[in-house]
Structure formats: C-alpha cells, structure tokens
Amino acid sequence: MRALPFRLLNAVQRGGLLVLALPICFGLARGADAPAEEAALREFLKGRATVSAFVFSGSQFPKVHVEPAGAAERHLGRHAEQTVWYDAERKIVSEPKTAGAYFAILKLVPEHGREADRMLTFFKAAAEAPFARLDAASLEPVARWTGLSVAQLEKGRELLQANCQGQPMNLLAQNPGMARILAGLQRMPVNQPSVRKNDDALAWDRQAWVELKRQLSGADKQWPAVFDAPTKQTGAAAPEIHAGSLAEAGMNPDAAEIDAVCKEWAADSDQAFGVCIVRHGVIVLLKAYGTRDGHAMTLSDTSWMASVTKCFSATCMMMLVDRGLVALDDPVEKFLPELRGTQAARPLLVRNLYTHTSGLSQWPSWGDDAADLEEQVGEVYPYLKVAGKWEYGGQGNSLGCKMIERITGEALPLFYLRHVLEPLGMEHTDVLGAHADMQTTPLDIARFAQMLLNRGSYGGMQFMKPETFEQMLPQELTGILGPDATKTFGIGMDGEPGSGKFGHGAASSATFSVDTKEELVVIMCRNKAGTNIEKYNGKFWDAVHAGMAPPSGK
C-alpha cells in the first residue's frame with residue numbers, strides 16, 4: 001500500500017500548531033517583469049499553512065493561517081485572510097454542525113491584485129476518541145470516534161495501517177492524511193465491492209475536490225456529459241495480445257536466444273526484471289528473471305515504470321482530443337480559468353504541456369493530487385517562458401491532468417481505472433499521478449503498448465481514432481521552438497520522426513518500446529538499472545533483432 005504523498009506528511013509541530021510545508025498560492029499585485037518581484041514570488045512559494053487540527057471536534061472550525069507573515073507582506077502587501085468552508089454536499093457553511101468531511105479554501109485577499117487560494121481537507125469527529133493510539137486492527141473504536149461505519153472503515157483499513165497505525169491522538173488529529181482518508185471513505189460509494197489503489201479513500205477525497213472545483217468554476221454546466229470511452233470499434237477487431245507460435249509472431253528459432261540473454265543478465269545483476277515481447281499480437285516471450293526481496297521474481301510482481309507514466313497520461317488527454325473536447329493548440333486557460341486574468345508573454349497551449357516546452361520546469365514540482373495546483377500555476381503564469389526551450393519535467397503533465405479532471409468530472413485515478421485500466425484488463429497496475437508513479441507488470445503494460453501500436457484500438461474497443469493517434473507521434477519541434485530547433489518529441493512519447501518507433505524512457509531503466517513497422521512491442525519492467533546494465537542491454541536488443549531476421553543460411 002502506498003504512503004501518503006509527501007505534501008501531506010512533511011509536517012512538524014510549532015507552537016501548538018501543525019506547520020505544513022505546502023506552497024501558498026497567491027496573487028500578483030505588481031508588474032510581472034521585475035526580477036525583485038519574481039524573487040518575492042519564489043520566496044512566498046515556500047510559505048506554509050498552519051493548522052491546529054485536521055481531524056477536530058467541537059462547534060468551531062480550526063483556524064487556518066499562513067507563515068511566514070513577512071513573506072506574504074513583502075509579496076502581497078497589505079492583505080486580509082479569510083477561510084470559506086464547504087460541507088460534504090459542497091454547500092458553504094459557517095460552523096460544523098455535523099460530523100464528517102469539510103473542505104476549506106483559505107483566501108488571501110490583497111488590496112490590489114489577485115487573491116490567493118489554499119485548499120485543505122478536514123474531518124469533524126463524532127465523539128471523543130475512545131483510544132489513546134490508533135489500532136487499525138480494531139475498527140469499532142474508530143467508528144465511534146469518527147461516526148463512520150465499520151464497513152466504511154474496512155475499505156480504508158490498509159491505508160490507515162500504512163499511514164496512521166499507532167499514532168497518538170494529538171498527532172492523529174494533526175495528520176492531514178487522516179482527514180483525507182476519512183473524508184474519502186465518506187465520499188466512497190457504499191456499494192463499491194472492492195478497493196484498489198486507483199479507487200481507494202485518497203482517490204475519493206481527490207474526487208470530492210474535483211466536484212467542488214467544477215461547481216465553483218461552472219465546469220459542471222460547461223461539460224455536463226459523462227465521458228464515454230473507450231467506444232465500440234467499428235469494422236474488424238484490432239489485434240489483442242495472445243499466445244501463439246514463433247512462426248505466427250514472424251520470428252525464427254533464433255528468438256530463443258532472447259531468453260538465454262535474459263537468464264545470463266539476471267545471473268550477473270542485482271536487479272530482477274520481467275519481460276514481455278509481442279509481435280503481430282503474438283507473445284514471443286513473457287517471463288520473469290532474477291530474485292527480488294529474497295524471492296524469485298514473478299510475472300505478477302509489479303515494477304516501477306517511472307516516466308512511462310507520462311505517455312500513459314498523455315494518451316488519456318488524447319482521448320479527450322479524440323472526442324473534440326480539447327485541441328492540442330487550445331490555450332490551457334480555456335479550460336482552467338485559474339490561469340486567466342494575468343498577462344502572459346506567450347499563451348500556454350495544451351501541446352506545450354506534453355512536449356516539455358511549457359516553462360513549468362523552472363518552478364516547484366507541485367504534486368499531482370494538489371487540489372490547488374491550478375491556482376499555483378496561475379500565479380506563476382506571468383513568469384513562464386513558454387516555448388522558450390525544451391526542458392524535461394513532469395509539471396506539464398500535472399497541469400494537464402487537472403484539465404482532464406475539470407472537463408470529465410473524474411479524479412485522475414478514477415479516470416485511469418474506468419477508461420484504460422479496466423477496459424484493457426490491467427488488473428495488476430497502479431497509476432495515480434500524471435508523470436512518474438506507475439507500478440505495473442509486463443503483460444499489463446504490453447496491452448497498453450499494443451493499443452498504441454494498433455493506433456488507438458484494442459480488440460473491439462476504440463480509445464481514439466487513428467487520425468487522433470497520429471497527432472501523438474514524435475515530430476520536429478520547429479513549430480514550437482522555432483526553425484532552428486533540433487529537438488524532436490511527440491505528445492508524451494519520444495522517438496525519431498517517420499521511423500514508426502516510439503516509446504518513453506524511465507528513471508528505473510524500464511523499457512517501453514513500440515515499433516509500428518515491425519508490429520513489435522518490447523517491455524522490460526524493473527525497479528532500478530542494476531549492475532551490468534550497459535553490458536547486457538545491447539545484447540538483449542541484438543537478440544530481439546536477430547529473432548526477427550531470416551534464419552541462418554537463408
């Protein structure tokens with residue numbers, strides 16, 4: 001079970017208040033071209049929210065402030081602070097009359113310029129806690145404390161064990177993750193039969209914020225329709241990954257050398273890995289190698305695919321492009337009004353988010369699950385050097401996922417689950433963020449790769465039309481960076497333009513490679529590069545290519 005995001009855990013006690021290392025979103029009261037103003041902005045981004053308790057009781061809401069006050073004054077000038085509270089039904093309330101989830105928007109309102117918003121989840125307990133420390137093995141006392149049923153809490157038991165087990169009451173009440181878990185359990189459908197990471201309590205807390213922000217921005221009326229994808233494939237079904245002979249896969253007997261190389265590699269490395277090679281939809285090799293955590297690696301063991309996540313989230317954006325909801329050259333502010341009202345040197349386009357030309361890499365890496373990410377980006381917008389240069393980072397994908405949420409009304413983990421993971425049968429995959437957190441198995445991610453090889457379809461399902469998929473392919477970035485640009489990139493994918501090959505690298509040294517001309521998918525899942533990767537990676541690819549060549553002597 002995953003740990004809570006860093007932004008929820010980086011907390012210390014100071015003067016009886018919980019101090020969270022959360023960037024503060026703020027308004028620009030001055031011009032956007034002075035170095036001193038940008039320096040003040042960066043200083044203020046390091047600001048912190050101070051909260052007395054996230055899980056509270058009593059008849060009043062906890063106080064929410066920002067510190068250091070000096071940084072706020074230097075940037076905003078004179079300003080007022082106020083907190084607007086919403087209950088679980090998204091109604092403004094002045095006091096917490098009932099137990100349950102509450103959502104706070106802290107507003108910093110300067111005399112001149114834009115207000116600043118900070119968004120936090122709280123939970124009001126139903127009674128005094130009948131225990132000194134949380135024990136997730138015994139949920140009845142937790143139910144009496146929170147007002148949630150044991151059945152609801154059962155769906156969050158693993159999260160509670162992983163993130164709150166054994167915490168004393170003073171720390172438990174000040175744990176923002178505890179509030180998010182309880183709020184998410186309250187929001188979770190009562191008839192949800194099972195829980196996986198993509199639809200756990202944290203995903204449902206995120207969903208509550210998506211619904212509130214759609215309501216506040218009017219997006220619920222602008223995009224009221226339920227997002228429908230994938231749709232039924234027209235015409236013949238697209239290839240699905242299946243078992244078959246080497247001959248059916250277009251391979252020759254030399255393909256057996258791939259397995260031999262992998263065995264040799266695993267024996268000479270400290271990292272286990274899993275491999276899935278598919279050609280013409282036929283499995284050429286599906287096998288796990290080596291030992292992980294004292295046990296033989298299996299095909300159901302998940303591995304970190306790191307930045308392959310970027311290709312995954314970009315594909316989801318292309319599903320919206322396919323439905324005509326988004327165009328790659330649309331300005332982002334068309335969908336996220338939080339970016340409006342400031343003068344940007346160059347508009348930020350959807351295309352910039354997925355080609356690493358947004359300029360966002362020069363600013364803090366806000367978490368994908370931050371409810372106020374759009375507000376934070378809106379405040380730095382005047383300083384963005386959009387299309388100034390190609391600079392790799394994940395912040396563009398993070399902002400793009402907020403577009404997906406705003407348009408569809410689905411929190412990103414739930415969108416992934418309903419529209420990609422479940423349709424493709426990726427039951428061993430957890431992917432919650434937009435750019436770096438995918439955990440998966442070789443066969444699971446190979447199905448996703450095969451769908452892209454099929455130009456947007458898998459079996460009887462169409463995720464996007466072929467002409468939409470073509471917009472994803474790598475191309476020269478001269479249209480973005482100017483006529484002298486030499487960098488090439490696609491929408492969430494890398495590769496040489498016109499080669500028919502694309503994929504994405506990974507910090508874990510995992511392999512995600514698709515060759516449309518050879519109808520070839522090559523996947524290697526691993527957690528780290530491990531020893532001797534330089535020695536064996538070339539041998540591995542040589543064996544793959546040799547397996548596709550005519551047999552010796554012909």
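The following paragraphs lead through a cavity, a buried threonine, a pocket and a small sheet in a predicted model.

The interior is a suitable place to begin. The structure holds 3 cavities of 30 Å³ or more, and the second largest of them encloses about 110 Å³ of space. Two helices, α9 (residues 201-217) and α15 (residues 395-408), are the elements that each give two or more residues to the lining of this cavity. Helix α9 supplies the largest share, 5 residues. Among the lining residues are Arg206, Trp209, Val210, Lys213 and Arg214, together with Lys402, Glu405 and Arg406. Asp369, Ala370, Ala371 and Glu374 also take part in the lining. By class, the lining comprises 8 charged residues and 4 nonpolar ones, with no polar residue.

Helix α15 also contains Thr408. Is this residue buried or exposed? Thr408 counts as buried because its relative accessibility is 9%, which falls under the 20% limit for that class. Two polar contacts involve the side chain of Thr408. One is with the backbone oxygen of Ile404, at 2.7 Å; in the other, a polar atom of the side chain lies 3.2 Å from the backbone nitrogen of Glu410. When neighbours within four places in sequence are set aside, Thr408 is in contact with Arg214, Phe227, Leu320 and Phe415. Of these contacts, Arg214 has already appeared as a lining residue of the second largest cavity.

Attention may now turn from cavities to pockets. The second largest pocket has a volume of about 250 Å³. It is lined by 16 residues, of which Glu115, Asp117, Met119, Glu338 and Glu375 are the closest to its centre. Strands β8 (100-110) and β9 (116-124), along with helices α9 and α14 (373-380), are the elements that give two or more residues to this lining. Helix α9 is thus named for the pocket as well as for the second largest cavity. The pocket lining divides into 9 charged, 6 nonpolar and 1 polar residues.

The last feature is a sheet. In general, strands of a sheet pair through backbone hydrogen bonds, in either a parallel or an antiparallel manner. Here, 3 strands form an open sheet in the order β10-β18-β17, with antiparallel pairing. Strands β10 (231-232) and β17 (457-458) are the edge strands, each pairing on one side only. Which residue of β18 is the bridge partner of Thr231? Strand β10 is joined to β18 (residues 461-462) by 2 bridges, and the partner of Thr231 is Gln462.

Methods. Residues numbered from 1 in each chain as written. Predicted model: local features only at pLDDT ≥ 70, side-chain atom pairs only at ≥ 80, totals over all residues. Heavy atoms only, no water. 1 Å grid on protein atoms, 1.4 Å probe; cavity = no way out; pocket = protein on both sides within 12 Å on 5 of 7 lines; lining within 4 Å. Points joined across faces, edges and corners; volume = space filled by probe spheres on them. Helix = DSSP H or I, 4+ residues; strand = E, 2+ residues; numbered from the N terminus. Nonpolar A, V, L, I, M, F, W, Y, C, P; charged D, E, K, R; others polar. Buried < 20%, exposed > 50% of the residue type's maximum accessible area, 1.4 Å probe, protein only. Polar contact = N/O pair within 3.5 Å; in protein donor to acceptor, adjacent residues only side chain to side chain. Contact = heavy atoms within 4.5 Å. Pairing = 2+ DSSP bridges.
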